[in-house]
Amino acid sequence: DPDATMTVGRDLDLMVEGGACINAFLTTVAAEGPEQTCVDLLRGMHRHMALRRLAKRPTLTSAQPLALDTPISLTAQGQRMRQLPKGVGRCLNPLEPLLVAKGKLIPADLATRSSRSFFDSTGGTQTRETISGTWASASEHLEDLSSGRKEVADADIVGALRGLLKEGVEQAVWTAGQVGGFGQHPPIRLGFPKEALPLAQALGRIGQSSVCFNIEELMNRCAEEAASEAQDLLTDAVMTVYLNDPQALLNGAPDSATQVLQQKTWDELADRFAPIVAHTMDTNMLTRFWADAVELYNRIPFVEPLRCDLEGYIVAQTLGGLFHLIAETEVDLRAHPTSAADSLVQHVFEWKLHQASRRS
C-alpha cells in the first residue's frame, strides 16, 4: 500500500490518501462517473475495497467541512507520491489495479512508462510533474471505462453470476420448502401426471375422484419436503458449472444464467435428487397409495395397464419448480442489484445498469 496522496475535485480541495484508497477512488470514478456526492463516492470506494478484501476504510480529507450530500466534480488536479520503499515494483502502480479490475490490462507502452514514472531504480522519489504526466496518459483509459467502452473483468462477471444464482437457490429452497410452497403456488404446483389421466378418468367414473385429489396433494407435499433438502445439491451445481462466455450471459436474457445452469446440470441433479424424492414418497405413504390406485385401475376390464413413473415425474416437476423460482430471483436481482446480499452481484449489475443508462 504505497504512501501516496492525490488531489481531486474542481470545486474544492479533496485529498484521497493511501494507495488502496486511490485504487478504490479511480475505480469508482471510472464506473460511476465524475459527478457524485461524498456519500456516493465513499460507498463506491468501500465496495471496491471490500471486493479486494481490504480491511482499511476509505478516507477523504478536505480543508473545508464536508457533508455527505456535498456534490463533487471528480477531476484529478495532481498527484504527489512521497518516499516509497526500495525495491517496489510495478504492482504498486495505483493505475494498474484499476485497469486490471475493469477487465483490461494497461497497454504495454503505458505500463512501461507508468513503471518508470512511478518507481525508479534507486528507490522511488518521483516528481509531481512526472506523475501528473502518467495520470494524463491514463486519463484516456479512465474516460473509456466511464463511458462504457471497457468491460468488467470476466472473472468478476462469473463471480457475480455465481453469487446471483446462489441467492436464487437460497430463495427458491426457502420458498418451495415451506408448507404450501408448491401446492399453493400455481406456477409450480404439481398437477396429476398426463400419463395417469386415464386412471383419473376411470376412478372418477366409479366415484373415486377423491383418490386422485389425495394423490395430487401428496405429490405436492413430497415436492415441498424434497425441495427443503435440495440446497446443498443446487449450491454444488452453481459452484461447479462452467459459465463460458460470461459477457454473453451478462448481456443476455434476464434469466440466462439460470437457463445455463439448468441445461448443464439437469441430468446429474435429477440422478442425485431421485433418492430424496423416493424417501419423501415413502414417508408420506404416497408410494403405497399410488400402488393401490394403479392396482385398482388395472382391475378394470379392457383397460391398458397404466405405465407412469410417478417418482420420475415428481423429481422433474420439483426441479423444474426450483429452477422457475431461481429464474425469478435472477430477473429481480438483475433489475434491482442493490437488493442483492452479495457485494459482487451489486457491483457488476449496478455497473451494467449504469452502462445501459449511458447508452440510452
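A cavity here is a set of grid points where a 1.4 Å probe fits but cannot get out, and its lining residues have an atom within 4 Å of a point. Keep that in mind for the enclosed spaces described below. One caveat up front: this is a predicted model.

**The cavities**

By that rule, the count comes to two cavities of 30 Å³ or more. The largest cavity holds about 60 Å³ of space. Its lining is made up of Thr27, Thr28, Ala31, Glu32, Gly44, Arg47, His48 and His347. Two elements give two or more residues to that lining, helix H1 (19–32) and helix H2 (38–51). H1 supplies the largest share, four residues.

**The chain as a whole**

Stepping back, the protein chain has 14 helices and six strands. Of its 360 residues, 49% count as buried. Take the contacts with a separation of 6 or more: 77% of them are between residues 24 or more positions apart.

**Around Phe192**

The structure holds two aromatic pairs. One of them joins phenylalanine 192 and tryptophan 290, with 6.3 Å from centre to centre and 55° between the planes, which makes the pair tilted. It ties together distant parts of the chain: phenylalanine 192 sits in the loop between helix H6 (154–176) and helix H7 (197–205), while tryptophan 290 belongs to helix H12 (residues 286–298), 98 residues apart. Phenylalanine 192 has a relative accessible area of 13%, so that residue is buried. Tryptophan 290, at 9%, is buried too.

The loop has another partner in glutamate 216, a residue of helix H8 (residues 209–227). Leaving out residues up to four places away in sequence, glutamate 216 touches Arg189, Leu190, Gly191 and Phe192. With phenylalanine 192 there is also a polar contact, in which the glutamate 216 side chain reaches the backbone nitrogen at 3.4 Å. As for proline 193, its C-alpha lies 9.0 Å from that of glutamate 216, and the two are 23 residues apart in sequence.

**Arg334, an arginine on the inside**

Is arginine 334 buried or exposed? Its relative accessibility is 9%, and buried means under 20%, so arginine 334 counts as buried. You'll find this residue in helix H13 (residues 310–335). What does its side chain reach at 2.8 Å? That would be the backbone oxygen of leucine 249. Again leaving out residues up to four places away in sequence, arginine 334 touches Leu161, Leu164, Leu249, Leu250, Ala253, Pro254, Ser256, Ala257, Phe349 and Leu353.

**Cysteines**

If you're wondering about disulfides, a search of the whole structure finds zero. A disulfide is a covalent bond between the sulfur atoms of two cysteines. Cysteine 212 is buried, at 8% relative accessibility. Cysteine 308 is also buried, with a relative accessible area of 18%.

**Burial side by side**

Here are the buried residues from the sections above.

| Residue | Relative accessible area | Status |
|---|---|---|
| Phenylalanine 192 | 13% | buried |
| Tryptophan 290 | 9% | buried |
| Cysteine 212 | 8% | buried |
| Cysteine 308 | 18% | buried |
| Arginine 334 | 9% | buried |

How values were computed:
Residues are numbered from 1 along each chain as its sequence is written. This is a predicted model: local features need pLDDT of at least 70, side-chain atom pairs count only at pLDDT 80 or more; totals for chains, interfaces and linings use all residues. Side-chain values use heavy atoms; hydrogens and water are left out. Rings of Phe, Tyr and Trp (its six-membered ring) pair if their centres lie within 6.5 Å; planes under 30 degrees apart count as stacked, over 60 as edge-to-face and the rest as tilted. Buried means under 20% relative accessible area, exposed over 50%, partly exposed in between (1.4 Å probe, protein chains only). A disulfide is a pair of cysteine sulfur atoms within 2.5 Å. Contact means heavy atoms within 4.5 Å. A polar contact is a pair of N or O atoms within 3.5 Å; within protein, one must be able to donate a hydrogen and the other to accept it, and residues adjacent in sequence count only if both atoms are side-chain atoms. On a 1 Å grid over the protein atoms alone, a cavity is a set of points where a 1.4 Å probe fits but cannot get out, and a pocket is an open set with protein on both sides within 12 Å along at least five of seven lines; lining residues have an atom within 4 Å of a point. Grid points are joined across faces, edges and corners, and a volume is the space filled by probe spheres set on the points.
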